[in-house]
Amino acid sequence: MTPTKKTNFEIIAATEEQFQIATYAKMNIAVERGAGAWIWTSEGEKYLDLYGGHAVCATGHCHPHIVEALKAQAEKVLFYSNLVYSEIRARAAEKLVSIAPASITKAFFCNSGTEANENAMRMARMATKRKKIITFSGGFHGRTADAISATFLGNYRNLGKPNVPHHVCAEFGNLESVRTLADADTAAIMLEPIQSMAGVIEAAPEFFRGLREVCDEHGIVLIFDEVQTGIGRTGNWFFSGSQLADDVEADIITLAKSLGSGVPVGACLTGDGIAERIKTNDLGTTFGGGMLAMAAVSATIEAIEKDKMRENIAEIEDYLRGRLKEIDEVKTLRGKGGLLGIEFAENCKPIHQKLLENKIITGTSSHPNVLRLLPPLCVKKEEIDLLLEVLRKT
Ligand SMILES: Cc1ncc(COP(=O)(O)O)c(C=O)c1O
């Protein structure tokens, strides 16, 4: 009997499994290339990516402007640290501050969401000389020590045991629960303004207004973890300062995911009041502010602006909201812009699987009934129709 020849996918998967620690439950595909909202696999199959490469590829896969900017930068210099000045870094910081709410005047660059949150909490503790951090049930802030200790979602916090002390948990959306915890030892209140992993859970705009008042009353730093909501995801550049927050501005905004269109980069944005209290050597990271990442930041902002992606994703949300009403099994659509949770009457795992069989990638969440969509902000109505068609049949 002649042995059957292994597919490219089988060879790739077996090699990854042999040489990588198995930390993720993976889809049975190997990605080879991408364009816009689409990816192609090692077997030449095409998938519609409505999960945006894990909420990262807001500008779509391989947007030509970003690819060009990265190529051009790679030919000049790939990296030098913050020990030197750099035009591309200066431009990226200026651009980021220019699209941020008015109170934001400065950026600190790092490499990931968890690192941005670690640094935000450190900045708050340094600025206030206090210890306590209030975060919320259902919030996710990352996997490093302080960030996982600030995470009160499912089992995540336990993975970080022993946890960093001085973290306490309030109920998302419940201002009274915050008031009972906020005091003169509280350095920061940190939250995901839309809790994505918890199942795209929203709070009323008044909640953010109330948080601002509590923070002002006690001299507490308000941190919005905008790792998912930032950089145009909700149709606004940031949740902070938008109508979704009743125009309330956070003292620190943390970013990652979409910020570099796939090149790893994170950032903390803040105003002069906090920045002035951070001194040389208080914060640092080797790779933060590297030239390739900075080229990606500027190009990402330019691409979103040039292609009117924020306007597009707002239209897409309206379209999807209208069309989902035609499907009885859909209980509700939560979220804003391109951070959406479709809540079904029952567990959505079979629907997620069925969509994958039909070559459409979506995400699940900690809420068993909520299917998450985090599409590229340039996703088209015709592409959303493909999702609707399978949902209708399913
Ligand atoms: C809201 C939020 N904050 C922080 C993080 C951590 O980001 P990273 O995985 O880049 O460390 C995530 C990642 O999913 C996130 O969704």
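Two helices count as roughly parallel when the angle between them is under 35 degrees. With that cut-off in mind, good morning, and let me turn to the structure above, which is a predicted model.

I begin with helix H12, residues 309-324, and helix H14, residues 381-393, whose axes lie 11 Å apart at an angle of about 25°. H12 and H14 are therefore roughly parallel to each other. The crossing in which H12 passes H14 is right-handed. On the H12 side, the contact is formed by Glu 315, Ile 316, Tyr 319, Leu 320, Arg 323 and Leu 324. H14 contributes Lys 381, Ile 384, Asp 385, Leu 387, Leu 388, Leu 391 and Arg 392. Sorted by class, this contact of H12 with H14 holds 8 nonpolar and 5 charged residues, and no polar ones.

H14 has a further partner to discuss, helix H13, which covers residues 349-357. The axes of H13 and H14 come within 10 Å and cross at roughly 125°. That angle makes H13 oblique to H14. The crossing of this pair, H13 and H14, is right-handed. Here Ile 351, Lys 354 and Leu 355 of H13 meet Leu 387, Val 390 and Leu 391 of H14. By class, the H13 contact with H14 comprises 5 nonpolar residues and 1 charged residue, with no polar ones. I would draw your attention to Leu 387 and Leu 391 of H14: both appear in the contact with H12, and both appear in the contact with H13.

The next pair is helix H4, residues 87-99, and helix H11, residues 291-306. Their axes come within 8 Å and cross at roughly 40°, so H4 and H11 are oblique to each other. The crossing of H4 and H11 is left-handed. From H4, the residues in contact are Ile 88, Arg 89, Arg 91, Ala 92, Lys 95, Leu 96 and Ile 99. They meet Met 291, Met 294, Ala 295, Val 297, Ser 298, Ile 301, Glu 302 and Glu 305 of H11. In terms of class, the H4 contact with H11 has 9 nonpolar, 1 polar and 5 charged residues.

I move now to the cysteines. How many disulfides does the structure hold? The number is 0. Cys 57 is in no disulfide, and the nearest cysteine sulfur, that of Cys 62, is 8.1 Å away. Cys 57 is buried, its relative accessible area being 9%.

Cys 110 is placed in strand S4, residues 106-110. Why does Cys 110 form no bond with Cys 268? The two sulfurs are 5.2 Å apart, which is too far for a bond, since a disulfide requires the sulfur atoms to be within 2.5 Å. The sulfur of Cys 268 is nevertheless the closest cysteine sulfur to that of Cys 110. Cys 110 is also buried, at a relative accessible area of 1%. Leaving aside residues up to four places away in sequence, Cys 110 touches Glu 115, Ala 116, Asn 119, Val 265, Gly 266, Ala 267, Thr 285 and Gly 288. Between Cys 110 and Leu 283, the separation is 173 residues in sequence but 9.9 Å in space, C-alpha to C-alpha.

I close with Ser 240, located in the loop between strand S8, residues 221-225, and strand S9, residues 252-255. Is this loop residue, Ser 240, buried or exposed? Ser 240 counts as buried, because its relative accessibility is 3% and the cut-off for buried is under 20%. With residues up to four places away in sequence not counted, Ser 240 touches Pro 101, Phe 224, Glu 226, Val 248, Glu 249, Ala 250 and Ile 253. Thank you for your attention.

Technical notes:
Residues numbered from 1 in each chain as written. Predicted model: local features only at pLDDT ≥ 70, side-chain atom pairs only at ≥ 80, totals over all residues. Heavy atoms only, no water. Axes fitted to C-alpha atoms, helices over the stretch in contact; angles between N-to-C directions. Helix = DSSP H or I, 4+ residues; strand = E, 2+ residues; numbered from the N terminus. Parallel < 35°, antiparallel > 145°, perpendicular 65-115°, else oblique. Left-handed = near helix turned anticlockwise from the far one by under 90°. Contact = heavy atoms within 4.5 Å. Nonpolar A, V, L, I, M, F, W, Y, C, P; charged D, E, K, R; others polar. Buried < 20%, exposed > 50% of the residue type's maximum accessible area, 1.4 Å probe, protein only.
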